[in-house]
Structures are given as structure tokens and as C-alpha cells.
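Here are some exercises for getting to know a new structure. Keep the view open and work through them in order.

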Amino acid sequence: MDLARQDKSNNGFSDLIMYYDPRSPISEAFRTLRTNLEFVSPGAQLKSVLVSSPGPEEGKSTVAANLAISLAQTGKQVILVDADMRKPTLHKLFSLPNRAGLTTLLVKDAEQDVRQETPVPGLSIITSGPIPPNPSELLASDIMDTVIDSLADNADIVIYDSPPMAVVTDA
């Protein structure tokens, strides 16, 4: 399996810069972010990070994906979760199917393993799954608390890609 190159309007580079161009200055910036996060809570291990911003299309998914790759490159077991259940994109970035994912865990079976492996050692992804009619209610449910705890128990760190904060209540 190989990641598809996303050739958008960013000079031909993939959005997964940590994977395709690990020596670039942008990749170094993600390594700096990774290092800074390791010192956020001295004496306690950081177990999860939520990546969000006020508006849509501001790079949340790109930041979440590259941060996850950066963390996995240090030997950590990382789970990247697409919690944007209205406009999911992580499955596109990583060229993965989106048939089962976070929605599956919240609606059907919180214990089902819906993680998908990536070419990056140590990095697995939980896509959003089918788009539900009520994302806010699902994300605010007690089952979501169970899913969060379960994921934290099965990884060194979990990165959540969330919807924009100023647009919807999901984040």
C-alpha cells in the first residue's frame, strides 16, 4: 500500500509533507511542534491532542496528519482519528476506504477494531465512517467517552482531527 500523492495548488507537493519530503523546512516545523508537545506536561505523558481551528479549510487535517506521522516516526504507536463527521478528509489524504470508522464505533460497536494501517510504521487511522445525521449528539455521547478511553489505552498518543469550532458545535 502506498499513499496517493495529493497534487493540489501547493507547488506539486503532497499534503503529507512528513511522508514525501521529510527533509523539508515544513517537515522540520512539524518535528518542532512534536518536540514542543512533548514538553507540554512535564512528568505526565500526553495521551491525546485535538487539532481544530475556527473555520473550514484552514489546514486542520493536514496538520493532524503530519503531526501524527511525525510522532509515529519517533517509534510511538499513534492513532489518528477523523472526528470531522460532516466533511471528513483523512481517508482521502491516506487513500483509505471510509466504510467503517468513528461512526461505526459510536452507533454499532464501541469495541470493534476499525483502525486502518498506513505505510507509516506505528500509525493507524480511524476514518470518520459513514456521515451520520446527528454528529454533534454522537460526539457528545457517553459512548464517545468510552471510545476516547479505549483508544488512549491502545496507543501512545491519539490525534483527533476535528471540525471547525466557529461553524458547528461538534468540536
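Each exercise below has a task and then a worked solution.

This is a predicted model, where local features need pLDDT of at least 70, side-chain atom pairs count only at pLDDT 80 or more, and totals for chains, interfaces and linings use all residues. Residues are numbered from 1 along each chain as its sequence is written, and side-chain values use heavy atoms, with hydrogens and water left out.

**Exercise 1. Take stock of the chain.**

Find out how many helices and strands the chain has, and in what pattern they follow.

Step 1: Count the DSSP runs, numbered from the N terminus: helices are H or I with at least four residues, strands are E with at least two. You get seven helices and five strands.

Step 2: Walk along the sequence, and the pattern reads α-α-β-α-β-α-α-β-β-α-α-β.

Step 3: Check how much is buried (under 20% relative accessible area with a 1.4 Å probe, protein chains only; exposed is over 50%, partly exposed in between). That's 48% of the 171 residues.

**Exercise 2. Lay out the sheet.**

Work out the order of the strands and which ones stand at the edges.

Step 1: Call two strands paired if DSSP finds at least two bridges between them. The five strands then form an open sheet in the order 1-5-2-4-3, with mixed pairing.

Step 2: Look at the ends of that order. Strand 1 (48-51) and strand 3 (116-117) each have a single partner strand, so one side of each has no neighbour in the sheet.

Step 3: Zoom in on strand 1, which pairs with strand 5 (residues 157-161) in the parallel sense over four bridges. Val49 has Ile159 of strand 5 as its bridge partner.

Step 4: Now see what packs on the sheet, with contact meaning heavy atoms within 4.5 Å. Helix 3 (residues 60-72) touches strand 1, strand 2 (78-82), strand 4 (123-126) and strand 5. Helix 7 (residues 142-153) packs on the sheet too, touching strand 2, strand 4 and strand 5.

Step 5: Back on strand 1, sort out the faces: Val49 and Val51 make the covered one, while Ser48 and Leu50 make the uncovered one.

**Exercise 3. Find the cores.**

Identify the residues that touch the most other members of the largest nonpolar core, and the helix that gives the most to this core.

Step 1: Use the rule for a nonpolar core: buried Ala, Val, Leu, Ile, Met, Phe, Trp, Tyr and Cys residues joined through side-chain atoms within 4.5 Å.

Step 2: Among the 25 residues of the largest core, Val78, Leu80, Phe94, Leu123 and Ile159 touch the most other members.

Step 3: Tally the contributors, and helix 3 comes out with the most, seven residues.

Step 4: Pick Leu80 and list its contacts, leaving out residues up to four places away in sequence: they include Ala64, Phe94, Leu123 and Ile159.

Step 5: Another core lies apart, with 17 residues, including Ile79, Val114, Leu139 and Val158.

**Exercise 4. Inspect Ser95.**

Where does Ser95 lie, and is Ser95 buried or partly exposed?

Step 1: Ser95 sits in the loop between helix 4 and helix 5 (102-107).

Step 2: Its relative accessibility is 35%, so Ser95 counts as partly exposed.

Step 3: Phi of Ser95 is near 55°, a positive value in a residue other than glycine. Most residues other than glycine have a negative phi.

Methods:
Axes are lines fitted to C-alpha atoms, for helices over the stretch in contact, and angles run from 0 to 180 degrees between N-to-C directions.
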